[in-house]
Amino acid sequence: MKNKQRRKTFAELVIIVLLLTGLDQWTKFLAVEHLKDQADIPLIPNVLYLKYLENRGAAFGIFQGRKIFLLFLTSLVILGVCYVLWKLPEEKKFRWLKWLCFLICSGGIGNMIDRVRLHYVVDFIYFSLIDFPIFNVADIYVTGSMILLLILVLFYYKEEDFSFLSWKKNKEQE
């Protein structure tokens, strides 16, 4: 029964990641088509703009030109998320965690596709009110998921809820 449930979770992962990554790639395609070499488009003047940027680094412009490192780091994160999904109990209280894992994978893969294909990530959403760095849909997936994950870990889950991740405990059960 456990393996059947794991296969179902990974089938869901593949479907959701394909859909969300597809949405991310489509928005980036539209950004290239309509924003590259064009003036910024105000959605809400002095607050939110569409502004094209080719980001050769990571969040907030860190690790500029370190494509191989970023690909390696993203791969590690995705593998870690898959490990968590593999071990995740199929209880209702972990449903949010499962969806956050799906979003993190989608965002990571979306930006990884850009890095491999273009050697940079297409960013195009600019929140000018606080001069926030330009970002994209994949960044929203990852950042939003990490914020929600932090909230869940701090206020919803208890330490014992994560006992399923303990390698020592799981090794003893086998």
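The overall architecture of the predicted model is described below, followed by its strands and selected residues.

The protein contains five helices and three strands, and these elements succeed one another along the sequence in the order α-β-β-α-α-β-α-α. Taken along the principal axes, the C-alpha atoms occupy a box of roughly 60 × 35 × 30 Å. Of the 174 residues in the protein, 36% are buried. The exposed surface amounts to about 11,100 Å², of which 68% is supplied by carbon and sulfur atoms. When contacts between residues at least 6 apart in sequence are considered, 69% link residues at least 24 apart. The protein carries 22 positive and 17 negative charges, and the mean positions of the two sets lie 8 Å apart.

The three strands are connected through two antiparallel pairings, described here in turn. Strand β1, formed by residues 41-44, pairs with strand β2, formed by residues 48-55, in the antiparallel sense over three bridges. Within this pairing, P42 is placed opposite Y49 of β2. Strand β2 also pairs with β3 in the antiparallel sense, here over six bridges. E54 has V122 of β3 as its bridge partner. Strand β3 spans residues 121-127. Because six of its seven residues are buried, β3 is largely enclosed by the rest of the structure. In a regular strand, side chains alternate between the two faces of the sheet.

Two loop residues are notable for their backbone conformation. Most residues other than glycine have a negative phi. N46, which is not a glycine, nevertheless has a positive phi of about 65 degrees. This residue is located in the loop between β1 and β2, where the hairpin has three residues between its strands. N46 counts as exposed, since its relative accessibility is 58%. The second case is H119, likewise a residue other than glycine, with a positive phi near 75 degrees. H119 belongs to the loop that joins α3 (95-118) to β3. Its relative accessibility of 48% falls below the 50% that exposed residues must exceed, and H119 is therefore classed as partly exposed.

Buried positions were examined in a helix and in a loop. T21 is part of helix α1, which comprises residues 2-35. With a relative accessibility of 6%, T21 counts as buried, because the criterion for burial is a value under 20%. The side chain of T21 reaches the backbone oxygen of S106 at 3.5 Å. Leaving aside residues up to four places away in sequence, T21 touches S106, I109, G110 and I113. F164 provides the loop example, as this residue lies between α4 (137-155) and α5 (167-173). F164 is buried, its relative accessible area being 10%. Although F164 and L88 are 76 residues apart along the chain, their C-alpha atoms are separated by 6.8 Å.

Technical notes: Residues numbered from 1 in each chain as written. Predicted model: local features only at pLDDT ≥ 70, side-chain atom pairs only at ≥ 80, totals over all residues. Heavy atoms only, no water. Pairing = 2+ DSSP bridges. Helix = DSSP H or I, 4+ residues; strand = E, 2+ residues; numbered from the N terminus. Buried < 20%, exposed > 50% of the residue type's maximum accessible area, 1.4 Å probe, protein only. Polar contact = N/O pair within 3.5 Å; in protein donor to acceptor, adjacent residues only side chain to side chain. Contact = heavy atoms within 4.5 Å. Areas by Shrake-Rupley, 256 points an atom, 1.4 Å probe, with all protein chains shown as cover. Lys, Arg positive; Asp, Glu negative; His and termini not counted. Charge placed at Lys NZ, Arg CZ, Asp CG, Glu CD.
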